[in-house]
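I opened my notebook to record what I looked up in this structure, entry by entry. The sequence and the model come first, and my notes follow.

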Amino acid sequence: MMGFEIVILWSDVLIWLLVLAGIGVGVLIAKNPPLLAAWRRVGANRVGMASATILLAFIVIGLLDSMHYRLQLEGKPGQKASYAIEVLSVLDAIAMPLRTRNEKTYSAPFATRLYAKETMDVPGQGTIRDYPRLKHGGKHLGENEGDAAADAGFAAFKAMVLALLGWLGIYGVIAAVNRKKGRKIFFGERTFAWDAVLVTLLLILLIAVPLFTLSSQYHVFGTDKVGQDVLYQILKSVRTGLIIGLVTTLVMLPMAVLLGIIAGYFRGWVDDLIQYIYTVLNSIPGVLLIAAAVLMMQVVIDTHPQWFSTAAERADLRLLALCFILGITSWTGLCRLLRGETLKLRELEYIQAAQAFGVSNGRIIVRHILPNLMHIVIIALVMDFSGLVLAEAVLSYVGIGVDPSMTSFGTMINNARMELGREPVVWWSLAAAFSAMFILVLAANLFADAVRDAFDPRVA
Amino acid sequence: MLAYIVRRLLYAIPILIGVNLLTFALFFVVNTPDDMARMQLGVKRVTPEAIEKWKVERGYDKPLLINSAAKGLSTVTETIFFEKSARMFVGDFGRAEDGRDVAREIAVRMGPSLAIALPTFILGLLVSITFALLLAFFRATAFDFWGVVLCVAAMSISGLFYIIGGQYLISKIWRLVPISGFGDGLDAWRFLILPVLIGVISGIGSSARWYRTIFLEEVNKDYVRTARAKGLPETVVFFRHILRNALIPILTGVVVVIPLLFMGSLLTESFFGIPGLGSYTIDAINAQDFAVVRSMVFIGSVLYIIGLILTDISYTLVDPRIRFE
């Protein structure tokens, strides 16, 4: 039994804190009837719940990738245990074959041979130039390489049957629970869009289970320039995207809410000062401010190598710094919105009544103003997510995004940017990265729309 | 009116000073010039003499804010803040790492940037408004529904995809236009078509959806009901009354980005090899040329503030109810 040491990266801490905060907010919402009613409207929205299911699948991948450890190196007994430099996650352990079975260079999806010809010595035939067989992709086929399509098809079919059976099991449980309450899942009036959730879940299972089983024998999305499996990179990118999208909003939220409410509530010089701060920050074009801040952060990181014991920790800190920088550049919009809304709220009768009763300012803000701004905050949170995921790709392309050693959609696209110019075309890395990002962002956008419709009925 | 504009301009000065102080703090206080020198010269093999030489060559050897060695006024002027940051107010941006004058370079590169950004902006606005108008006119029909679905899908695609895919399809497969580059004078149009087209397409999704909601907000207003009650045909109500009124928020909303067009687009210019300000900025970021990035931050904020002032003026021009307070 190999020992291991649990590694807690800063981003892991934040992401699990976010999960806890999500649960806490859920409890608070359950006690607040208007918010609960709004979330019920989201729950009844089919598109909203279908996209929520997809987002949840991404979140599960991200959470699995947020539990890190380092394996113990084999040493003599009695010696002090030493640990590998490489930091692994639970996802790495599950996807072990994907991570370790690297080829030499590019290979197409489901290929059994490399993408480029090589000179090889074959016993009996002398030196020939041919496409060499892959070390791992389709290895179990042995001599019968031509059967790859049939073999993969059959394996996929078996996996799909399995997925269908699993789905039927889940469906049975949910249907039984609902029948107890006298509700139908399909057809008829619903208070929760179980039908959308189940159909989406079926689709996810029908795609994910075959992918998972096939990925142990083939490179389902091909391999990249250094022979790494593209599917593995996609899985690893999910966490980076989620952190950028979620932690950034976590960073900007306290600042935007606090300053926005204070500016709107107290007015006068406080308002002038806060308005001045956000106008200054806003007037610097976002990309340039981020570029300047990231360049400076890079200098700090490079001049203090002693801070980090592993490369993963350094990349992790850079990711968090990027979140902070994005948060600092993006809080102004929400702050302005909240300030405007607070200016309106503070003139309403119930606030003035509270002031007349001598309720302290802090209490008015927490009890009477903040709850009435929650819908704006929630809408802003879900709307920002997709934009941030897209921004990460662009920033990484420009060279001011995440650490180049960290897998993300941006670094994948950046590394693959010249591949369409090759002959024959290497399309699979780019296609996989763009489609995974598209699915994530589309789901986030649709969910955001559902949330906005439920919380803010004014906008059509 | 004139007094109003003057007051707005005066109001811009403290904001510019704030931007200047912020960039100064970011570039010189968070990291000392020593750090920058080490970064540029390579972290490993660097001698104190080399750092000193690097700093003297670029004028970074002076004190940050107050030079106690100098006398009189030059205690303030012979400092990094005055020479590198404050001089930007008079258009002196210093020299880039390759020794060229940044201000000159910016003046030369503005042309190509505008040649891309201006057509993209105008065409994009026209196409998006037209599409949004059609969606709003056929509101609550299948056309509207699928149009909005298309918009949301288009919004969810990364901007990088439009560029990479467009270059691949149009330049590599169909060989219609050159893949990248830039020409002089009128010859440049061959190089401009593709980036402009891609810029327009990649912007349609979000802007058309946004303009559609503006049109729909207008549809339920009282004057529209009055127009209908007068017996005007729906097309006249829509294309004469609603269109004109909805254009006010749309056009005043885009005024703020007009000055920023001078900055060019980072992505488009770097992908298409256009020698504009966007690619200048990207190259500077990659080469860690602090002088250029600093200058672009400053120019960007000046242009943004001009945009804000223009927005306010345009509001007062189109809507006489807003007074010059």
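**Entry 1: where the chains meet**

I looked up the interface first and found that 39 residues of chain A are in contact with 44 residues of chain B, where two residues are in contact if their C-beta atoms, placed from the backbone, lie within 7 Å. On the side of chain A that touches chain B, at least two residues each come from helix H9 (268-283), helix H10 (286-303), helix H13 (361-398) and helix H15 (428-455) of chain A, and H10(A) gives the most, with 12 residues. I noted that this side has 31 nonpolar, six polar and two charged residues; Ala, Val, Leu, Ile, Met, Phe, Trp, Tyr, Cys and Pro count as nonpolar, Asp, Glu, Lys and Arg as charged, and the others, Gly among them, as polar.

I wrote down that this is a predicted model, in which local features need pLDDT of at least 70 and side-chain atom pairs count only at pLDDT 80 or more, while totals for chains, interfaces and linings use all residues. Residues are numbered from 1 along each chain as its sequence is written, and chains are lettered from A and ligands numbered from 1 in the order in which they are written.

**Entry 2: chain A as a whole**

I found 15 helices and five strands in chain A, both being DSSP runs numbered from the N terminus (helices H or I, at least four residues; strands E, at least two). Of its 460 residues, 40% count as buried, that is, with 20 or more other C-beta atoms within 10 Å of their own, C-beta atoms being placed from the backbone.

**Entry 3: the core**

Which residues have the most contacts inside the largest nonpolar core? I listed Ile290(A), Ala291(A), Ala292(A), Ala433(A), Val451(A) and Val293(B), in a core of 184 residues; such a core is a set of buried Ala, Val, Leu, Ile, Met, Phe, Trp, Tyr and Cys residues joined through C-beta atoms within 7 Å. Its largest share, 19 residues, comes from helix H8 (residues 230-266) of chain A. For Ala292(A), leaving aside neighbours within four places in sequence, I noted contacts with Thr23(B), Leu26(B), Phe27(B), Val293(B) and Val297(B).

**Entry 4: two helices**

Lastly I looked up helix H2 (residues 33-44) of chain A, which packs with H15(A) at an angle of about 135 degrees, their axes 8 Å apart. The contact is made by Ala38(A), Arg41(A) and Val42(A) of H2(A) and Ala450(A), Val451(A), Ala454(A) and Phe455(A) of H15(A), and these residues divide into six nonpolar, no polar and one charged.

Definitions and conventions:
A residue is buried if 20 or more other C-beta atoms lie within 10 Å of its own, exposed if 12 or fewer, and partly exposed in between; C-beta atoms are placed from the backbone. Axes are lines fitted to C-alpha atoms, for helices over the stretch in contact, and angles run from 0 to 180 degrees between N-to-C directions.
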